[in-house]
Amino acid sequence: MSSKRPPFTMDGWNKDWIIHGHKLVCRSCGAGQCPAVDEQPFRHTPTCEISNAGARYPWRELNDILKEGLADARRMLH
Ligand SMILES: [Zn+2]
């Protein structure tokens with residue numbers, strides 16, 4: 001069943017964000033965030049389209065996606 005999946009997929013995440021050096025960067029406005037502040041919502045530029053969708057925590061989203069991917073890989077081993 002897929003009901004426990006996070007609302008984000010790797011493909012969807014890649015559409016909005018990109019890792020640039022040690023920062024996570026918004027593809028739409030180019031704002032960046034360091035992993036050290038992953039507890040704070042991402043700060044876009046005022047005109048960014050993605051920011052209209054509400055506060056996002058892209059580091060946390062990425063973490064959830066990767067965790068789900070690991071769980072999938074483990075399931076396939078059994
Ligand atoms: Zn943005």
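## Order of elements

From the N terminus on, the elements of this protein run α-β-β-β-α. The model is predicted. In it there are two helices and three strands.

The C-alpha atoms fill a box of roughly 45 × 25 × 20 Å along the principal axes. The protein has 78 residues, and buried ones make up 10% of them. Take the contacts between residues at least 6 apart in sequence: 30% of these join residues at least 24 apart.

## The sheet

The three strands form an open sheet. Their order is β1-β2-β3, and the pairing is antiparallel. β1 (17-20) and β3 (32-33) stand at the edges. Each has a single partner strand, so one side of each is left without a neighbour in the sheet. Strands of a sheet pair through backbone hydrogen bonds, either parallel or antiparallel.

β1 and β2 pair over four bridges, in the antiparallel sense. Here Ile18 stands opposite Val25 in β2. Strand β2 (residues 23-26) also pairs with β3, again antiparallel, over two bridges. In this pairing Leu24 has Gln33 of β3 as its bridge partner.

## The two hairpins

β1 and β2 form a hairpin with two residues between the strands. Gly21 in this hairpin takes a positive phi near 65°.

β2 and β3 form a hairpin as well, with five residues between them. A glycine with positive phi appears here too: Gly30, in the turn, has a phi of about 85°.

## Two faces of β2

In a regular strand the side chains alternate between the two faces of the sheet. β2 shows this alternation. Leu24 and Cys26 point to one face and are buried. Lys23 and Val25 point to the other face and are not buried.

The pairings can be read alongside these faces. Leu24, on the buried side, is the residue bridged to Gln33 in β3. Val25, on the other side, is the residue opposite Ile18.

## Helix α2

Helix α2 covers residues 58-77. At 1.5 Å a residue, its 20 residues should span 28 Å. The end C-alpha atoms are 29 Å apart, which agrees.

How many of the residues of α2 are buried? The number is two of the 20, so the helix lies largely in the open.

Ala71 is found in this helix. It has 12 C-beta neighbours inside 10 Å and therefore counts as exposed; the cut-off for exposed is 12 or fewer. Ala71 and Phe42 are 29 residues apart along the chain. Their C-alpha atoms are separated by 27 Å.

Note on methods
Residues are numbered from 1 along each chain as its sequence is written. This is a predicted model: local features need pLDDT of at least 70, side-chain atom pairs count only at pLDDT 80 or more; totals for chains, interfaces and linings use all residues. Two residues are in contact if their C-beta atoms, placed from the backbone, lie within 7 Å. Two strands pair if DSSP finds at least two bridges between them. The expected span of a helix is 1.5 Å times one less than its number of residues.
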